[in-house]
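User: Could you take a close look at the largest pocket here, and tell me what lines it?

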Amino acid sequence: MVINYYSLYLILIVNSVLGIIGYIWGFLGISYMILHGLSCMIPYVIELDFRLFKWYHMISFFVVIIILGYSEGYKGFQKSFSPRTANRLYDIFLKPTFFRVFFSPFISMGFIESSRKLKFISYGLVLMIVVFILLIEKLYDPWRGIIDSGVVVGLSWGLISFWFSCFRVILKK
């Protein structure tokens, strides 16, 4: 049997390049989705006029920021989504195919090539977010801005934890 070392070397290079492209595409795609959500909510937070707040608005503001920062930012992103997504991105980096590279953001978030439980959680979470968006859109000021403030804190925490998780996975392995 004759081994063509040039062909093996070429395959290794193509796989390495595909893996890097898949990792970067997934990283940028997920970062874009989170940043887009932030950019949609920040105008409502900026419009808040704290001078018109009554005492219960101010208490609600701080309570919502603490609750959503903890539940969305810490529990949702930092402890669950970010490490899992970073590990799945690293798996795409190690075992790239054209399909996995093309759908890298969706595979790493668990929409494709995942267990039934993770797919159920991923799709259920998206459905829940859409319902919350539709309900919160109907709120009047200052309540919409108050809730959006908490979401901005949670998403910002989530984006930073996602970036740290991705860099930690690359540096550790």
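Analyst: Let's fix the residue classes: Ala, Val, Leu, Ile, Met, Phe, Trp, Tyr, Cys and Pro count as nonpolar, Asp, Glu, Lys and Arg as charged, and the others, Gly among them, as polar. On that split, the lining of the largest pocket has 24 nonpolar, 6 polar and 6 charged residues. Keep in mind that this is a predicted model, where local features need pLDDT of at least 70, side-chain atom pairs count only at pLDDT 80 or more, and totals for chains, interfaces and linings use all residues. Residues are numbered from 1 along each chain as its sequence is written, and side-chain values use heavy atoms, with hydrogens and water left out.

The volume of the largest pocket is about 1400 Å³. Of its 36 lining residues, Glu72, Phe77, Leu125, Ile129 and Leu155 are the closest to the centre. As for who supplies the lining, H1, H2, H5 (116-137) and H6 each give at least two residues, and H5 has the largest share, with 11.

Two of those helices also meet each other: the axes of H2 (residues 55-94) and H6 (residues 143-172) come within 7 Å and cross at roughly 25 degrees. H2 and H6 are therefore roughly parallel (angles under 35 degrees). Their contact comprises 22 nonpolar, 14 polar and 1 charged residues.

On confidence, the protein chain has a mean pLDDT (the predictor's confidence in each residue, from 0 to 100) of 92, with 95% of its residues at 70 or more. Helix H1 (residues 5-46) has the lowest confidence, a mean of 88, while H4 (residues 104-108) has the highest, at 96.

Methods. Helix = DSSP H or I, 4+ residues; strand = E, 2+ residues; numbered from the N terminus. Axes fitted to C-alpha atoms, helices over the stretch in contact; angles between N-to-C directions. Parallel < 35°, antiparallel > 145°, perpendicular 65-115°, else oblique. 1 Å grid on protein atoms, 1.4 Å probe; cavity = no way out; pocket = protein on both sides within 12 Å on 5 of 7 lines; lining within 4 Å. Points joined across faces, edges and corners; volume = space filled by probe spheres on them.
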